[in-house]
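Visitor: I am new to this structure. Please walk me through it, and tell me how each label is earned.

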Amino acid sequence: MMLQRFLSRLLAVALVTTSFMAVTTAAGEGDVPLVPRAKFFGNPEKARARLSPDGKRLAFVAPVEGVLNIWVSSNDDPTYAKPVTRDTHRGVTAFFWAYTNKHLLYTQDKNGDEDDHVYSVNLETGEIKDLTPIAKIAAQIEGVSEKFPDEILVGINDRGERHFHDIYRVNLVTGDKKLLQENPGFAGFLTDDDFRVRFAINITQDAGQEYLQPDGKEWKPFLKIDALDAMTTSAAGFDKTGEHLYFIDSRGRNTAALTSIDLATGKQTLIAEDPRADISGALVHPTEKTIQAVSFTFTRTEWKVLDTAIQSDLDYLKTVADGEIQITGRTLDDKRWTVAYLMDNGPVRFYLYDRQPEKKATFLFTSNRELEKLPLVKMHPQVIKSRDGLDLVSYLTLPKWTDPDGDGRPNEPVPLVLNVHGGPWARDDWGYDPEHQLLANRGYAVLAVNYRGSTGLGKAFINAGNKEWAGKMHDDLLDAVNWAVAEKITTKDKIGIMGGSYGGYATLVGLTFTPDVFACGVDIVGPSSLITLMENPPPYWFSFMPVMKLRVGDFQTEEGRKFLLSRSPLTLVEKIKKPLLIGQGANDPRVKQAEADQIVQAMHTRKIPVTYVLFHDEGHGFARPQNRFAFYAITEAFLAKHLGGRFEPIGAAFAGADFSVPSGSDAVPGLADALADKKVEAKTP
């Protein structure tokens with residue numbers, strides 16, 4: 001559904017990961033090897049195992065000459081797989097099977113500009129077809145159905161100012177498309193398995209939502225959701241009959257529950273809820289469309305089985321491997337599943353599970369075998385109280401040699417990096433995190449905090465963040481820092497802050513609004529002015545802007561602009577007195593390059609030093625491994641200088657990266673020399 005994609009576009013870009021070498025239990029820092037950064041931020045060896053709907057073929061992503069592509073096996077054995085895509089630049093990181101069993105689908109943009117196109121791969125002919133060959137669009141897959149295996153629904157925003165997506169039926173074989181629903185100005189549509197448009201969804205001017213049903217040529221109101229519940233209430237699909245709507249609903253409660261609405265009578269039935277957290281996932285039968293299990297994530301993900309028919313399956317799968325279980329795919333006959341096990345200190349493990357004639361899980365592969373040999377560390381969930389009594393679900397990672405008993409407390413205080421998630425309408429979760437592992441290996445405690453405004457923890461928690469950018473949202477981060485000092489995890493003079501997207505903004509806030517708290521900051525694609533951020537959104541944010549006005553501030557009124565200026569780091573740039581590193585993508589459509597340029601220029605005007613790294617072929621985050629290697633090489637050298645941890649010298653980390661350093665190359669150990677090296681394939685100003 002388009003509305004959900006509006007929210008997901010605000011999240012920071014996640015980076016794929018990998019691994020390195022062996023170590024025994026460490027007695028001290030010297031016993032833990034310095035893991036090469038490339039082992040944390042390179043491509044996975046294999047990932048995303050998925051069976052075709054008929055269960056006869058296995059697909060996954062793996063590198064081809066260092067670039068991720070889709071591989072397919074003619075059976076369920078990955079050793080027989082061959083690459084079926086031929087990307088040589090940014091890679092294909094996600095895909096899914098069409099119901100033809102001979103087509104794969106994926107979306108891809110160009111250099112991070114988010115002008116996505118939808119592609120199909122014909123496994124019989126080898127043809128890769130652009131199903132949306134139109135310039136400057138953000139195409140998105142809107143629906144697939146086993147009833148129409150040769151077709152998919154695609155949203156295309158190619159009209160006018162490209163604010164709204166029309167829905168097309170697109171033939172996978174011929175590429176022909178037929179308009180199903182022109183969009184008169186809605187945020188999105190909800191379709192069913194019969195490819196009927198059942199609802200239009202609109203964001204109201206007061207940041208609520210409105211669901212409308214088609215009635216001939218008109219749209220009649222079905223229900224309205226006020227702004228208080230809009231972030232935690234949404235449609236989730238239909239049952240097999242199409243007569244019942246699965247609905248995630250926080251109305252009348254705090255956390256989002258899963259319910260069912262009888263569309264004929266309007267009766268709403270509760271399916272599952274948890275008082276601590278919103279519903280975070282569900283297992284749905286592939287053809288019957290019944291909800292068989294649901295998950296909730298407070299500190300860790302917990303599953304609740306609703307259908308006893310799969311209870312024994314989940315009981316068995318718990319005995320197969322350690323880690324949090326994810327059912328990543330099911331064949332149409334439901335006889336075979338693909339299953340992933342997530343760890344915090346190791347690779348994802350993928351299995352093929354045959355339910356009949358007897359339960360049997362067959363190991364496929366891990367995301368990287370070498371990751372199992374690394375001196376990785378555990379991630380410790382923590383619930384920290386904010387100054388006004390909120391529960392801040394957080395995650396702490398410690399250097400291996402500082403926590404020999406594994407109790408989540410170092411034997412003496414260590415430097416700490418506060419790692420702030422993006423969004424802000426997202427959340428941190430338990431599990432393997434390459435930044436946590438790199439920083440812990442370098443000698444830092446790492447703390448990730450679900451500050452107010454984060455998702456998954458109820459509507460009161462999200463709404464507590466309204467108009468609190470650089471306000472109470474920042475107070476939550478400060479409260480977490482104070483907790484870490486009180487717990488003797490760190491000391492006040494050895495705390496850095498870093499993050500991407502909103503996390504980058506939080507970094508700039510930390511160095512301007514509270515200039516004495518942090519010893520240094522790393523801002524990755526963070527906005528410096530809330531006014532310029534909101535005045536320059538990508539076209540597909542148009543419908544979402546009422547939400548931004550409510551939850552951030554109104555840039556179209558004099559009072560609102562004054563408020564937004566008061567919450568913008570650019571306004572207080574003269575207060576920066578601690579070292580700052582900025583990383584930016586030149587093609588970022590959300591937080592545009594101007595956000596970084598303007599704060600760098602303001603610092604130059606005031607003769608405040610800053611290191612600025614601009615990646616020419618990236619957008620909202622760094623997708624190419626070569627660019628990640630380059631940025632994290634600079635980052636760890638920067639942090640070592642100001643927090644005192646260890647670091648791997650830059651060396652040849654810039655090979656294949658495409659970036660320049662417009663400012664501050666002399667402020668990071670080894671950076672100027674690496675840029676001057678003629679062997680470095682980086683663009684310098």
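Guide: Start just past helix 5, at Gly443, which follows that helix and has a positive phi, near 110°. Keep in mind that this is a predicted model.

Visitor: What caps the N-terminal end of helix 5?

Guide: Asp433 does. One of its side-chain oxygens lies 2.9 Å from the backbone nitrogen of Glu435. A polar contact needs N or O atoms within 3.5 Å. The 2.9 Å between Asp433 and Glu435 meets that cut-off, so the pair counts.

Visitor: Why is helix 5 called largely enclosed?

Guide: Helix 5 covers residues 434-441, and 8 of the 8 are buried, so the rest of the structure largely encloses it. The buried residues are Pro434, Glu435, His436, Gln437, Leu438, Leu439, Ala440 and Asn441.

Visitor: What makes helix 8 earn the words "largely enclosed"?

Guide: The count is 11 of 11 buried residues, over 502-512, so helix 8 is largely enclosed by the rest of the structure. Among its buried residues are Tyr502, Gly503, Leu508 and Thr512.

Visitor: How many residues of strand 31 are buried?

Guide: In strand 31, residues 445-449, 5 of the 5 are buried, so the rest of the structure largely encloses this strand. Ala445, Leu447 and Val449 point one way, while Val446 and Ala448 point the other way. In a regular strand the side chains alternate between the two faces of the sheet.

Visitor: What makes strand 29 and strand 31 a pair?

Guide: They share 4 bridges, in the antiparallel sense. Pairing asks for at least two bridges, so strand 29 and strand 31 qualify. Ser394 stands opposite Val449 in strand 31.

Visitor: Which way do strand 30 and strand 31 run?

Guide: Strand 30, residues 416-420, runs parallel to strand 31, and 3 bridges join them. That also satisfies the rule of at least two bridges, so they pair. Leu418 has Leu447 as its bridge partner in strand 31.

Visitor: How do you know that strand 26 and strand 27 pair?

Guide: Strand 26 (residues 349-354) and strand 27 (residues 360-366) run antiparallel and are joined by 6 bridges. The rule asks for at least two, so the pair stands. One bridge sets Leu352 against Thr362 of strand 27. A hairpin connects strand 26 to strand 27 through 5 residues.

Visitor: In what order do strands 5, 6, 7 and 8 form their open sheet?

Guide: The order is 5-6-7-8, with antiparallel pairing. Strand 5 (96-97) and strand 8 (128-130) are at the edges: each has a single partner strand, so one side of each lacks a neighbour in the sheet. Strand 6 and strand 7 pair over 6 bridges. Thr107 has Val118 of strand 7 as its bridge partner.

Visitor: Why is His165 called buried?

Guide: Its relative accessible area is 3%. Buried means under 20%, so His165 belongs in that class. His165 sits in the loop between strand 10 and strand 11. The backbone oxygen of Ala138 is 2.6 Å from a polar atom of the His165 side chain. That is within 3.5 Å, so it counts as a polar contact.

Visitor: Is Glu618 buried or exposed?

Guide: Glu618 is buried, with a relative accessible area of 0% against a cut-off of under 20%. Glu618 lies in the loop between strand 35 and helix 13. Its contacts include Arg90, Asn111, Asp588 and Arg624.

Visitor: Why is Tyr316 called partly exposed?

Guide: Tyr316 has a relative accessible area of 23%. Buried is under 20% and exposed is over 50%, so 23% falls in between. Tyr316 is in helix 4. Tyr316 touches Tyr353, Lys359, Lys360 and Ala361, leaving out residues up to four places away in sequence.

Visitor: What is the volume of the second largest pocket?

Guide: The volume is about 380 Å³. Of the 20 lining residues, the closest to its centre are Gln205, Phe542, Ser543, Met545 and Pro546.

Visitor: Which element gives the most to the lining of the second largest pocket?

Guide: Helix 10 does, with 4 residues. Strand 14 and helix 10 each supply at least two. By class, the lining has 11 nonpolar, 7 polar and 2 charged residues.

Technical notes:
Residues are numbered from 1 along each chain as its sequence is written. This is a predicted model: local features need pLDDT of at least 70, side-chain atom pairs count only at pLDDT 80 or more; totals for chains, interfaces and linings use all residues. Side-chain values use heavy atoms; hydrogens and water are left out. Buried means under 20% relative accessible area, exposed over 50%, partly exposed in between (1.4 Å probe, protein chains only). A polar contact is a pair of N or O atoms within 3.5 Å; within protein, one must be able to donate a hydrogen and the other to accept it, and residues adjacent in sequence count only if both atoms are side-chain atoms. On a 1 Å grid over the protein atoms alone, a cavity is a set of points where a 1.4 Å probe fits but cannot get out, and a pocket is an open set with protein on both sides within 12 Å along at least five of seven lines; lining residues have an atom within 4 Å of a point. Grid points are joined across faces, edges and corners, and a volume is the space filled by probe spheres set on the points. Ala, Val, Leu, Ile, Met, Phe, Trp, Tyr, Cys and Pro count as nonpolar, Asp, Glu, Lys and Arg as charged, and the others, Gly among them, as polar. Contact means heavy atoms within 4.5 Å.
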